[in-house]
Amino acid sequence: MGIEHDPHPLFQEFAHPEKFVSAAWLSARLGIDGLKVVESDEDAFLYDIGHIPSALRIDWRRDLNDPVRRDFIDGAAFAELMGSRGISRDDTVVVYGDSANWWASYTAWVFELFGHPDVRLLDGGRDAWMGEERDTSFAVPSYPEVTYPVVERDDSAIRTFVAGVRDSPSPQLIDARTPDEFSGTASAVSASCLRSGHIPGAVNVPWGEAVHRNARFKCRADIEQAYAQFDPDKDTVAYCNLGAAAAHTWYTLRYALGFDHVSLYDGSWAEWGNLVGVPIARGKA
């Protein structure tokens with residue numbers, strides 16, 4: 001099951017090198033049996049103006065969210081989605097997207113909620129692929145439907161709800177937003193939130209500390225330096241505004257640095273900043 005790992009030297013520094021692939025590795029393997037490429041973007045129109053050949057589109061909002069309640073789809077709906085796209089349980093799934101892989105990381109995290117065995121992230125996402133002027137396609141692939149098993153979503157290990165932040169003993173809490181958003185300055189006030197600031201006890205480490213300006217991951221030593229104040233053996237929770245940037249932080253901590261007890265508070269500030277009666281802190285850390 002699965003396809004050989006990318007031997008890129010950068011990834012060999014990481015705690016889980018098998019969770020990352022480079023554009024060169026992916027380009028050499030497009031079209032082989034057992035590999036499915038998934039594009040998941042913030043800008044839903046990007047796929048239509050050119051994508052990696054053979055890549056499927058999974059829209060985080062439309063495809064992975066429950067249409068009624070604020071939650072993700074259940075096991076039956078995920079199985080139907082995978083089967084309709086021709087993704088089998090044994091396939092290696094490589095996810096990529098725009099915005100330095102924010103939404104791609106979020107999509108990969110949802111795949112992990114359902115325990116898909118082999119999910120990997122394309123280092124640098126669309127930026128890396130387009131920056132290297134690799135082939136793109138307008139064709140939407142159509143794979144034969146398959147039967148994907150119904151696996152119930154497991155939120156217990158890598159997902160944290162508001163009660164887990166508010167009522168439980170404080171974990172290491174990482175705010176992955178910008179310093180202005182964290183401090184609650186007037187310029188950071190969002191139309192979707194009634195209050196600005198951060199969760200008391202949180203430490204601000206913007207998600208971008210882990211990547212270069214071209215969206216590719218930094219070396220492990222540089223990433224470790226950014227998160228040096230955190231203990232990889234302790235419970236850690238990451239959050240941002242909507243969950244996407246923090247999903248990138250989650251992926252970085254878990255698979256680049258080997259944090260075994262890190263979870264995503266996907267409700268993030270969109271939930272906390274609108275709740276009645278919860279404490280809010282302002283100012284720099």
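The following paragraphs go through the domains, the core, the cysteines and the empty spaces of this predicted model.

The chain is divided into two domains, with domain 1 covering residues 9-132 and domain 2 covering residues 159-273. Between the C-alpha centres of domain 1 and domain 2 there is a separation of 21 Å. Contacts across the boundary involve 28 residues on the side of domain 1 and 26 residues on the side of domain 2.

The nonpolar core comes next. In soluble globular proteins, nonpolar side chains tend to be buried together. Here the largest nonpolar core consists of 60 residues, and within it Tyr-106, Trp-109 and Tyr-227 have the most contacts. Helix α10, which spans residues 244-256, gives the core its largest share, nine residues. Because domain 1 (9-132) and domain 2 (159-273) both contribute residues, this core lies between them.

Tyr-227 can be followed further through its contacts. When neighbours within four places in sequence are set aside, Tyr-227 touches Ile-174, Val-205 and Pro-206, and also Thr-249, Leu-253 and Leu-257.

The cysteines can be dealt with briefly. No disulfides are present in the structure. How buried or exposed are Cys-219 and Cys-240? Cys-219 is partly exposed, because its relative accessible area is 26% and the partly exposed class runs between 20% and 50%. Cys-240 has a relative accessibility of 4%, so this residue counts as buried, the limit being under 20%.

Empty space is the last topic. Rolling a probe the size of a water molecule over the atoms shows where empty space is left. Counting cavities of 30 Å³ or more gives one, and the volume of the largest cavity is about 30 Å³. Its lining is made up of Glu-39, Ser-40, Asp-41 and Ala-44, together with Arg-57, Ile-58 and Asp-59.

Which residues lie nearest the centre of the largest pocket? They are Thr-160, Asp-235, Val-237, His-261 and Ser-263, out of 18 residues that line this pocket. The space in the largest pocket comes to about 230 Å³. Two strands take part in the lining of the largest pocket, β8 (236-239) and β9 (262-264), and each of them supplies at least two residues.

Notes
Residues are numbered from 1 along each chain as its sequence is written. This is a predicted model: local features need pLDDT of at least 70, side-chain atom pairs count only at pLDDT 80 or more; totals for chains, interfaces and linings use all residues. Side-chain values use heavy atoms; hydrogens and water are left out. A disulfide is a pair of cysteine sulfur atoms within 2.5 Å. Buried means under 20% relative accessible area, exposed over 50%, partly exposed in between (1.4 Å probe, protein chains only). A nonpolar core is a set of buried Ala, Val, Leu, Ile, Met, Phe, Trp, Tyr and Cys residues joined through side-chain atoms within 4.5 Å. Helices (H or I, at least four residues) and strands (E, at least two) are DSSP runs, numbered from the N terminus. Domain bounds come from an automatic or database domain assignment. Contact means heavy atoms within 4.5 Å. On a 1 Å grid over the protein atoms alone, a cavity is a set of points where a 1.4 Å probe fits but cannot get out, and a pocket is an open set with protein on both sides within 12 Å along at least five of seven lines; lining residues have an atom within 4 Å of a point. Grid points are joined across faces, edges and corners, and a volume is the space filled by probe spheres set on the points.
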